[in-house]
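Work through the exercises below with the sequence and the model at hand. Try each task before reading its solution.

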Amino acid sequence: MQLENKVVIITGAGSGIGAATAILLAKHKALVIVSDINSENAEKVADAIKKAGGKAIAFQADVSRFEEVESLIRSTIKEHGTLDVMVNNAGIGGKNLKKTAEHTLEDWDNVIAVNQTGVFYCMKVALQQMMKQGHGNIINIASLAGLKPSGNNLSYSASKFAVVGMTKSAALEYGRKNIRINAVCPGYTHSSLLDKLLAGRPDMEETLKRLIPMDRFGEPDEIAEAVAWLASDNSKYMTGQTLILDGGTSLQ
Ligand SMILES: NC(=O)c1ccc[n+]([C@@H]2O[C@H](COP(=O)([O-])OP(=O)(O)OC[C@H]3O[C@@H](n4cnc5c(N)ncnc54)[C@H](O)[C@@H]3O)[C@@H](O)[C@H]2O)c1
């Protein structure tokens, strides 16, 4: 895969899918800015990459704060001169899984701020730089929940449908500017986000697995493979698309 020396920022890269993506892209010789709101986790991932001979820098940033997104992207440009790939992966789920009438305002505000507004902030600032340099590649981590309805999770569903919409609309705007924008839509994937969903509901694991024709959850490194392909020049004719990795869940 053609990723050598690409400068890549990954948000939410301190754990789960983001961490697996950072490790894989570094193995392919990209320089990875491992960004997360949790600086300790970001440092751990960056250290593991460096120990394995890769290039990584940890950077703490909360994607729901515009000034922190600006600082993340500006400092990357200052240090490395370019931003080739922006992976907008940071995301959270709601705390209370309740139907819409009972959905809390707190969950709504928090989930939309990170999953939707955060992706907008990152795309806005990254695109300003990508326009200046004349090339760019953005990968947004949406979800199967951004393509199909899901109950008891309205803010998450709204935010992920928004990520798919923003991906397609921005891809239309920037196709002629040598900037590609795609989304990856994972189904249920082992991570702390899924652990939180299953916490205290041991019955739910089996219920969810029944929805998956391949009869198992995905692994973060399986999602990372798709992100790596989109980040590489191997996918250079692809823009505005959603790549689904869900063990067949979306077939039914
Ligand atoms: N795990 C799944 O089943 C699944 C399915 C579909 C989509 N996704 C999406 O994949 C992405 C990664 O999630 P994951 O499953 O690896 O979960 P995860 O909880 O392991 O990772 C999410 C990371 O985002 C970071 N983060 C949270 N809020 C942040 C903020 N405001 N600013 C910066 N970083 C922040 C967290 O610290 C964490 O390191 C998310 O966008 C999630 O919605 C996950």
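The exercises cover the ligand shell, one helix, several single residues and backbone angles.

The model is predicted: local features need pLDDT of at least 70, side-chain atom pairs count only at pLDDT 80 or more, and totals for chains, interfaces and linings use all residues. Residues are numbered from 1 along each chain as its sequence is written, and side-chain values use heavy atoms, with hydrogens and water left out.

**Exercise 1. The ligand shell**

Task: List the residues that come nearest to the ligand, and describe the shell by residue class.

Solution.
- Step 1. Collect the residues with a heavy atom within 4 Å of the ligand. There are 26 residues around the ligand, and Ser 15, Asp 36, Tyr 156, Ser 191 and Ser 192 come nearest.
- Step 2. Sort the shell by class, with Ala, Val, Leu, Ile, Met, Phe, Trp, Tyr, Cys and Pro as nonpolar, Asp, Glu, Lys and Arg as charged, and the others, Gly among them, as polar. The shell then has 13 nonpolar, 10 polar and 3 charged residues.

**Exercise 2. Polar pairs and cover**

Task: Find N or O atoms of the protein that pair with the ligand at Asp 62, Val 63 and Tyr 156, then state how much of the ligand the protein buries.

Solution.
- Step 1. Start with ligand nitrogen. One such atom is 2.8 Å from a side-chain N or O atom of Asp 62; at Val 63 a backbone N or O atom lies 3.0 Å from a nitrogen atom of the ligand.
- Step 2. Turn to ligand oxygen. The side chain of Tyr 156 has an N or O atom 2.6 Å from an oxygen atom of the ligand.
- Step 3. Compute the cover by the Shrake-Rupley method with a 1.4 Å probe. The ligand alone exposes 820 Å², of which the protein buries 93%.
- Step 4. Assign the shell to elements, where helices (H or I, at least four residues) and strands (E, at least two) are DSSP runs numbered from the N terminus. Helix H1 (16-27), helix H5 (154-174) and helix H6 (192-198) each give two or more residues.

**Exercise 3. Helix H1**

Task: Is H1 mostly covered or mostly open, and which elements cover its buried residues?

Solution.
- Step 1. Check the span. The 12 residues of H1 reach 17 Å from first to last C-alpha, close to the expected 16 Å, which is 1.5 Å times one less than the number of residues.
- Step 2. Count buried residues (under 20% relative accessible area; exposed is over 50%, partly exposed in between; 1.4 Å probe, protein chains only). H1 is mostly covered, with 9 of its 12 residues buried; among them are Ile 17, Leu 24 and Leu 25.
- Step 3. Find what lies in contact (heavy atoms within 4.5 Å). The cover of the buried residues includes strand E1 (7-10), strand E2 (31-36), helix H2 (39-51), strand E3 (55-60), strand E6 (179-186) and helix H8 (220-231).

**Exercise 4. Two residues of helix H4**

Task: Decide whether Gln 129 and Lys 132 are buried or exposed.

Solution.
- Step 1. Gln 129 is in helix H4 (residues 105-133), and it counts as buried because its relative accessibility is 11%.
- Step 2. Leaving out residues up to four places away in sequence, Gln 129 touches Ile 77, Gly 81, Thr 82 and Leu 83.
- Step 3. The side chain of Gln 129 also makes a polar contact with that of Gln 133 at 2.9 Å. Such a contact is a pair of N or O atoms within 3.5 Å; within protein, one must be able to donate a hydrogen and the other to accept it, and residues adjacent in sequence count only if both atoms are side-chain atoms.
- Step 4. Lys 132, found in helix H4, is exposed because its relative accessible area is 71%.

**Exercise 5. Asparagines and positive phi**

Task: Where do Asn 5, Asn 38 and Asn 178 lie, and what is phi of Asn 5 and of Asn 178?

Solution.
- Step 1. Recall the norm: most residues other than glycine have a negative phi.
- Step 2. Asn 5 is in the segment before E1 and has a positive phi, near 65°.
- Step 3. Asn 178, in the loop between H5 and E6, has phi near 65°; at 51% relative accessibility, Asn 178 counts as exposed.
- Step 4. Asn 38 lies in the loop between E2 and H2 and is partly exposed at 30%. The side chain of Asn 38 reaches the backbone nitrogen of Asn 41 at 3.0 Å.
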